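Me: I'd like to go through this structure with you and ask how each label is earned. Can we start from the picture?

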Amino acid sequence: MFIKLAILISVIAFVTSLALTAIVRKLAPRYGFVARPTNDRYHRSIIPLGGGIAIYATIVLALITGLIILKLLIAPGRLSFLGESAVIYAKGFNRTLEFIYILICITTLFALGLIDDKKHLGPFIKLTGQFAVALFAAFAADIRVEFFIESKIITSLLSAFWIVLIMNAFNFLDNMDGASVGIAIIASAVLFVASAMHGQVFISAMALLFIGALLGFLVFNFPPAEIFMGDAGSLIVGFIVAMLTLRTTYYDQANSGPWYPILMPLIVMAVPLYDFISVTILRIRQGKSPFV
C-alpha cells in the first residue's frame with residue numbers, strides 16, 4: 001500500500017512539474033523574465049527564468065489537494081474498505097496546521113525570490129526575509145531539531161540558522177546547469193529512505209513529492225539548461241531540504257543505540273555546505289561580497 005502510494009505521489013508530481021516547466025519556459029521570454037549573459041555568468045545566450053514557479057506550483061497544488069482529499073477520507077469508516085494499514089497511513093498525514101505553516105513558509109520564500117529575480121534585492125533584505133521565515137518555521141511549525149537540548153528557544157534558534165544556511169548553500173549552488181536541483185534530489189532520496197525506515201509517513205511523502213517536482217524541472221535544467229529556476233526556486237529548494245533534514249528521525253533513544261546518527265544531516269549536506277563555505281572564503285579573500 002505504502003509503496004504504491006509513494007510511487008503515485010512521485011509520478012504525479014513529476015508529470016505536473018514537467019508540464020508546468022514547459023509552459024513557463026515558453027511564456028517567460030514574452031514577459032522579459034529571462035537571464036541575460038553578463039561577465040559574471042557562464043551562459044552565453046538568453047535563458048528563460050521561472051523554473052521556480054513550476055516547482056512552487058507543483059508542491060503547493062499537491063499539498064492543498066492532499067489536504068482536501070485526506071480531510072474527506074479520514075472521516076470514520078471512509079477508508080475501512082482499504083484495510084487497517086490505509087487508515088494508519090492516512091492518519092499519518094493528518095497534520096492540517098503543519099500543512100498550513102509549510103505553505104506559508106514556501107509562499108513567502110517564493111514571493112521573496114520572485115521579487116529578487118525581477119528587481120535584484122540587496123543581501124540584507126533577502127537575509128532578513130530568510131531569517132523571518134526560518135524563525136517562524138522553527139517556533140510556529142516546530143521544524144527544529146532537539147540535539148538532546150530541552151530549551152525550545154535554543155533549538156529553534158539553532159534550527160533557524162541551519163535553515164538559512166541550507167537555503168543559501170543551494171542558492172550558491174545554482175550557478176551551474178542541474179547542480180542545485182540535482183544535489184537536492186540526491187539528498188532528498190537519502191532522507192526519504194531514512195524517514196521511511198522510521199515510519200515517518202508525512203516526511204516520506206513530502207520527500208517523494210519534492211523529488212518528483214524537482215525531476216520534472218531537471219528535464220529542462222539538465223546541461224545545457226533550457227530554463228533556470230532563479231531565487232524563486234532555489235530558496236524553496238533549500239528550505240524544503242532543510243526541513244526534511246530537521247524532521248527526519250536519525251536516532252531512536254528507546255533502542256539505546258549509538259548517538260552519532262544525529263550527524264547524518266551534515267553528511268547528506270556535505271557537498272552544498274563545502275561549496276558554500278569554500279565560495280564564501282574565496283570571495284572574501286578577493287575582496288568581494290559573498291552574496292554577489
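Reply: Sure. First a definition: a salt bridge is a side-chain nitrogen of Lys or Arg within 4 Å of a carboxyl oxygen of Asp or Glu. Also, this is a predicted model, where local features need pLDDT of at least 70, side-chain atom pairs count only at pLDDT 80 or more, and totals for chains, interfaces and linings use all residues. Residues are numbered from 1 along each chain as its sequence is written, and side-chain values use heavy atoms, with hydrogens and water left out.

Me: Why is the meeting of Lys126 and Asp116 called a salt bridge?

Reply: Their side chains meet at 3.3 Å, N to O, and the cut-off is within 4 Å, so the label fits. Lys126 lies in helix H5 and Asp116 in helix H4 (residues 96-119), so the pair ties together parts ten residues apart in sequence. Helices here are DSSP runs of H or I with at least four residues, strands are runs of E with at least two, and both are numbered from the N terminus.

Me: What makes Arg144 buried and Asp142 partly exposed?

Reply: Buried means under 20% relative accessible area, exposed over 50%, and partly exposed in between (1.4 Å probe, protein chains only). Arg144 has 18%, so it counts as buried. Asp142 has 37%, so it falls in between. These two also form a salt bridge, with their closest N and O atoms 2.6 Å apart.

Me: How do you know that Ile153 is exposed?

Reply: Ile153 has a relative accessible area of 53%, and the label needs over 50%, so it qualifies. You'll find Ile153 in helix H6.

Me: What makes helix H8 largely enclosed by the rest of the structure?

Reply: 19 of the 21 residues of H8 are buried, so that's how it earns the description.

Me: How do you know that the span of H8 agrees with what's expected?

Reply: The expected span is 1.5 Å times one less than the number of residues. For the 21 residues of H8 (residues 201-221) that gives 30 Å, and the end C-alpha atoms are 30 Å apart, so the two agree.

Me: Which residues touch the most other members of the largest nonpolar core?

Reply: Ile59, Phe239 and Ile240, out of 71 residues. H8 gives the largest share of this core, 13 residues. A nonpolar core is a set of buried Ala, Val, Leu, Ile, Met, Phe, Trp, Tyr and Cys residues joined through side-chain atoms within 4.5 Å.
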